[in-house]
Amino acid sequence: MFVNKIGCTVYEKTVKNRMEAYVTHFIPAVYWEDTVAQVQTGTSMKQQDQIWCCIPVSSLSDYLPQKDDIIACGRCESDTPPSNGRTITAVEDFRYGSAGVQHIEVTAV
């Protein structure tokens, strides 16, 4: 499977002592694509930037990204999500078929 980035960091949203906290997970070797979509609201069009991240099965560990986690391109050392982090809106599991094409697709805004 084709990859174009060294990896991405996912901030898993958790609750600790009634406060929002994050657990960081680095996922190596991913395909990262910045996309732009248009959404129609009533009579006006609105631009919405999105990311699409394809994670090959060989890059997966015991953690799978979940909806509402935060994702950022590259390796992030901080315990809190960076300002350019995006909220995951969808995770699709394609771990079937030939071993060379098995992957997880993540969409975030």
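Start by selecting Glu20 in this predicted model: at 52% relative accessibility, Glu20 counts as exposed. Now add Lys13 to the selection and show both side chains. The two form a salt bridge, and the closest N and O atoms are 3.8 Å apart. That pair counts because the cut-off for a salt bridge is 4 Å. Lys13 itself is partly exposed, with a relative accessibility of 37%.

How many salt bridges does the structure hold? There are two, so hop over to Asp93 and Arg95 for the other stop on this theme. Here the closest N and O atoms are 2.7 Å apart. Asp93 is partly exposed at 40% relative accessibility, and Arg95 is likewise partly exposed at 38%. As a general reminder while you look at these pairs, side chains of opposite charge can pair when their charged atoms come close.

Next, switch to a cartoon view and follow the strands. Six of them close into a barrel, and if you walk around it the order is E1-E2-E3-E6-E5-E4, with antiparallel pairing. Compare the directions of neighbouring strands in this sheet: ignoring direction, they are turned by 45° against each other on average.

Pick out strand E2 by selecting residues 19–41, then colour E3 differently. E2 and E3 pair in the antiparallel sense over 11 bridges. For a landmark along this pairing, label Thr35, which stands opposite Gln50 in E3. Then move to the turn. E2 and E3 form a hairpin with two residues between them. Click on Gly42 in that turn, and you will find a positive phi of about 65°.

Stay with E3, residues 44–56, and bring in E6, residues 103–108. These strands run antiparallel and are joined by six bridges. Two labelled pairs make good signposts here: Cys54 has Glu105 in E6 as its bridge partner, and Ile55 is matched with Ile104 in E6.

From there, carry on past E3 to Ser59, in the loop that leads to strand E4 (70–73). Is this residue buried or exposed? Ser59 is buried, with a relative accessible area of 11%; the label applies because buried means under 20%. Show its surroundings and you will see that Ser59 touches Ile27, Pro28 and Ala29, leaving aside residues up to four places away in sequence. Draw a distance from the side chain of Ser59 to the backbone oxygen of Ala29, and you should read 3.0 Å.

For the last stop, select the cysteines and show their sulfur atoms. How many disulfides does the structure hold? The count is zero. Begin with Cys53, which is in no disulfide: its nearest cysteine sulfur belongs to Cys8 and is 4.2 Å away. That pair does not qualify because a disulfide requires sulfur atoms within 2.5 Å. Cys53 is also buried, with a relative accessible area of 0%. Finish at Cys76, which is in no disulfide either; the nearest cysteine sulfur, on Cys73, lies 8.4 Å away.

Methods
Residues are numbered from 1 along each chain as its sequence is written. This is a predicted model: local features need pLDDT of at least 70, side-chain atom pairs count only at pLDDT 80 or more; totals for chains, interfaces and linings use all residues. Side-chain values use heavy atoms; hydrogens and water are left out. Buried means under 20% relative accessible area, exposed over 50%, partly exposed in between (1.4 Å probe, protein chains only). Two strands pair if DSSP finds at least two bridges between them. Helices (H or I, at least four residues) and strands (E, at least two) are DSSP runs, numbered from the N terminus. Axes are lines fitted to C-alpha atoms, for helices over the stretch in contact, and angles run from 0 to 180 degrees between N-to-C directions. A polar contact is a pair of N or O atoms within 3.5 Å; within protein, one must be able to donate a hydrogen and the other to accept it, and residues adjacent in sequence count only if both atoms are side-chain atoms. Contact means heavy atoms within 4.5 Å.
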